[in-house]
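Subject: Structure for you to look at

Hello,

Here is the structure I said I would pass on. My notes on it follow below.

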Amino acid sequence: MYNLPIAFKNLRKNFSFYTLYILSVSLVITVYFAFASFSVNHVMLEKISADGRVESMCRVISAFLIVFVIFYMSYSNRFFLRRRAKELGIYALLGYRRRRILSLLISENIMIGAGALFIGLFFGAILHKGIVYGTTVLLNLSIDHAKIPFFHFGAIANTAAFIFFVIFTLALSNARFLMKTSLMELVRFEKSAEKRMKFRKTPALLGFIFIIAGYGLALDIFRGRSSFWFSIGFYPTGLLTAFFIAAGTILFIASFLPYAAQKSKQRKKAFYTETKIITAPNFIYRIRSNAKTLIMLTLLSAATLTVSSVMALSLFYPIAAVLRIAPSELECRMESKRQIDNIMQLVNQYAHGGQISFIQTDIYKVTASAKQLPMEYSVGTSKGSADHEKIARQAGFECISYSQYLALLHAQDRNNVTRKMKKLQDDECILVKYQPNPDGNKETGSVYSINIKDSRIPLTVRETTLHNPISFANSIGTMIVSDRFYKQVKTGAKEKVSVLSINGKAIEGKEKLFHKMKLLLGGSPYLQGHSHRIKEIISLSSSTFLLISFLVALFFIATGSILYFNNISAVSDSIADYEILRKMGYTDRKLKRIIRKQVLTFFSIPFLFGLADCIFATIVYKTALMQNLLGNTAILYAPTAIAIAFTAFLYFLYYFITVHTCCKTVVKHVTMT
């Protein structure tokens, strides 16, 4: 108890120094408490997890969160212990026993933990409420919010017990440090650094080669079936790529960067400037003395960027692919005129007088012969006689007329496609692809002999397209033919399927209408809905992405905070150097420019390396693990670009705060002297 006033006085006098640390710990606890509240929110879990999948994910994510928070707070504690080492040494010289010094440190950690806990609980409860509200609106759930308390006592107990465990762990770490460190080492510990990594040319060159090899293996995925990813196997090649990049990053930062900086000193005209003559040696020293921290930050940054980028792409891509999987707002197979009348009557009840288009498309299946037929000719399954039975789809092309194709695209509001269309000749066709060919449009120019009655009529594939007007549930091998040829097909085809496509703004997002249609059609597997499919994807994936978001948020907080503390520490250690520069005639403006360049270097290295790793990892993920229904248009990478831009913004925010604090610290000290 005697140490509490001293601990409180230390925190009060150094409040500006501890501000970001307390804020960072508060943010960490905010995220943790929001997650803990969500994981015990049985009202929400019952709505979004019918098979226990979300509960299992909660347990896995919880383990990651615990390890990550302990790591972050241990690193932060180590940083402040180093900054306080000289002060602790003075306490020891004044007669304080190590036990009492440890008690002082524990008291300070308890105060910081308690303050951060109260802040984190309050804002964590608000964050949890926001997550619940956002999820219910996004998934259109019916939830009684009154049953969800603002503070869940189970989550509070969980968070408080965890913080107590972290403080206990830090106490053990501090005790070990105090017992192992002599009095002289304690006084001089502030000036010590990480063990310097030796500088050699061979590791520098090896690091560069490893990185190139890792990125080369990642790009090898574009060779398709001929690549190592398929010939050797995805996971062995992935592990080898990760090893090359990780090992290359370690050697590159520890050896190649200082080697390059050392070589740049030989360019005397570029080196001997009032700024670079200060920043270059400082850069070499910090790289070699803080290489481990910088490597850790680079790998952490790469993980943060990659996880956020892949998460954004994984959510966006299936939603974008719905335009091909279910292009119409509602679509179903028709068996009778009466069924069509019943559907139109039901849809008009929900349209409330809005403009709706009903287009019936008669699809005729024909067989064909050629040296090589496309994959779409025979791929796919259809519903058998029993429920949930899947049988192989009967091979053939499913023909629709050119005018029907244009009408469907217009109803689906895809006029940008129809404007580029040219009228089909009678001996031409357009083949709708299920997915792009890895080696290009090899079907273009191919001739297929269509069997109509007893004759074979050749059709030349004028072009292939990914703009299918009918869902894949109702037509896979879709072939668009001229209106005149369609009439010939109509007279000779033996198999016909009628599909009703319904579109219009008035029925978009009407989930109740879809379920009424499903009841009306007896649960037909051929009923498809654009808005329904999007809602289904969001519902199935939202909980996964929400839980991963908790980890990503902690990655952001930890990466930025460690960069902040590391740069503050480096600048504080160099105060005497800045005082000398001031006496040599350097103005405050020039000192700030030096600080900005030094801080920018140590922010840019983790970000740029992490960005490169993120780009190559995203390429491998999309190419190998995502079904290619949309090709490689630039819009598919928009979510990745947004995720990267958001990360860059957060980096810039931390960079701005760090530069402001460093400049304020330096200017204050040099002005006082």
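Helices and strands here are DSSP runs, numbered from the N terminus, with at least four residues for a helix and at least two for a strand. Please keep in mind that this is a predicted model. On that basis, Lys-433 sits in the loop between β6 and β7 (447-452).

First, the chain as a whole. It contains 22 helices and ten strands. It has 673 residues, of which 49% count as buried. Among contacts between residues at least 6 apart in sequence, 83% join residues at least 24 apart. About 33700 Å² of the chain is exposed, and carbon and sulfur atoms supply 62% of that area.

Strand β6 comes next. Five of the five residues of β6 (residues 428-432) are buried, so this strand is largely enclosed by the rest of the structure. In a regular strand, side chains alternate between the two faces of the sheet. In β6, Glu-428, Ile-430 and Val-432 point one way, while Cys-429 and Leu-431 point the other way. Strand β8 (residues 455-465) runs parallel to β6 and is joined to it by five bridges; Ile-430 has Glu-463 as its bridge partner there. With strand β9 (residues 478-481), β6 pairs in the antiparallel sense over three bridges, and Met-479 is the bridge partner of Leu-431.

Back to the loop residue. Is Lys-433 buried or exposed? Its relative accessible area is 3%, under the 20% cut-off, so Lys-433 counts as buried. Not counting residues up to four places away in sequence, Lys-433 touches Arg-324, Pro-374, Glu-376, Glu-443, Thr-464, Thr-465, Leu-466 and Phe-472. Pro-374 is 59 residues from Lys-433 in sequence, with 8.9 Å between their C-alpha atoms.

The side chain of Lys-433 makes a polar contact with the side chain of Glu-376 at 3.0 Å. Lys-433 also forms a salt bridge with Glu-443, with 3.1 Å between the closest N and O atoms. Both residues of that pair lie in the loop between β6 and β7, so the salt bridge ties together parts that are ten residues apart in sequence. Glu-443 is buried, as is Lys-433. Glu-376, Lys-433 and Glu-443 are linked in a network of salt bridges.

The count of salt bridges comes to ten. One of them joins the side chains of Glu-463 and Arg-462 (3.2 Å, N to O). Glu-463 is partly exposed at 27% relative accessibility, and Arg-462 is partly exposed at 22%. Another joins Glu-536 and Arg-533, with the closest N and O atoms 3.9 Å apart. Glu-536 and Arg-533 both lie in helix α19 (residues 530-573), three residues apart, about one turn of the helix.

Two other places are worth a look. Thr-159, in helix α6 (residues 153-180), is buried at 1% relative accessibility. A polar atom of the Thr-159 side chain lies 2.8 Å from the backbone oxygen of Ala-155. Leaving aside neighbours within four places in sequence, the contacts of Thr-159 include Ile-29, Tyr-32, Phe-33 and Leu-117.

The other is on the surface: Ile-119, Phe-122, Phe-123, Ile-126, Phe-150 and Phe-151 make a nonpolar patch of about 510 Å². Of these, Phe-122 is found in helix α5 (residues 98-139) and is partly exposed, with a relative accessible area of 42%.

Regards

How values were computed:
Residues numbered from 1 in each chain as written. Predicted model: local features only at pLDDT ≥ 70, side-chain atom pairs only at ≥ 80, totals over all residues. Heavy atoms only, no water. Buried < 20%, exposed > 50% of the residue type's maximum accessible area, 1.4 Å probe, protein only. Pairing = 2+ DSSP bridges. Contact = heavy atoms within 4.5 Å. Areas by Shrake-Rupley, 256 points an atom, 1.4 Å probe, with all protein chains shown as cover. Polar contact = N/O pair within 3.5 Å; in protein donor to acceptor, adjacent residues only side chain to side chain. Patch = residues over 30% accessible without salt bridge, like charges linked within 9 Å, V, L, I, M, F, W, Y side chains within 5 Å. Salt bridge = Lys/Arg side-chain N within 4 Å of Asp/Glu carboxyl O.
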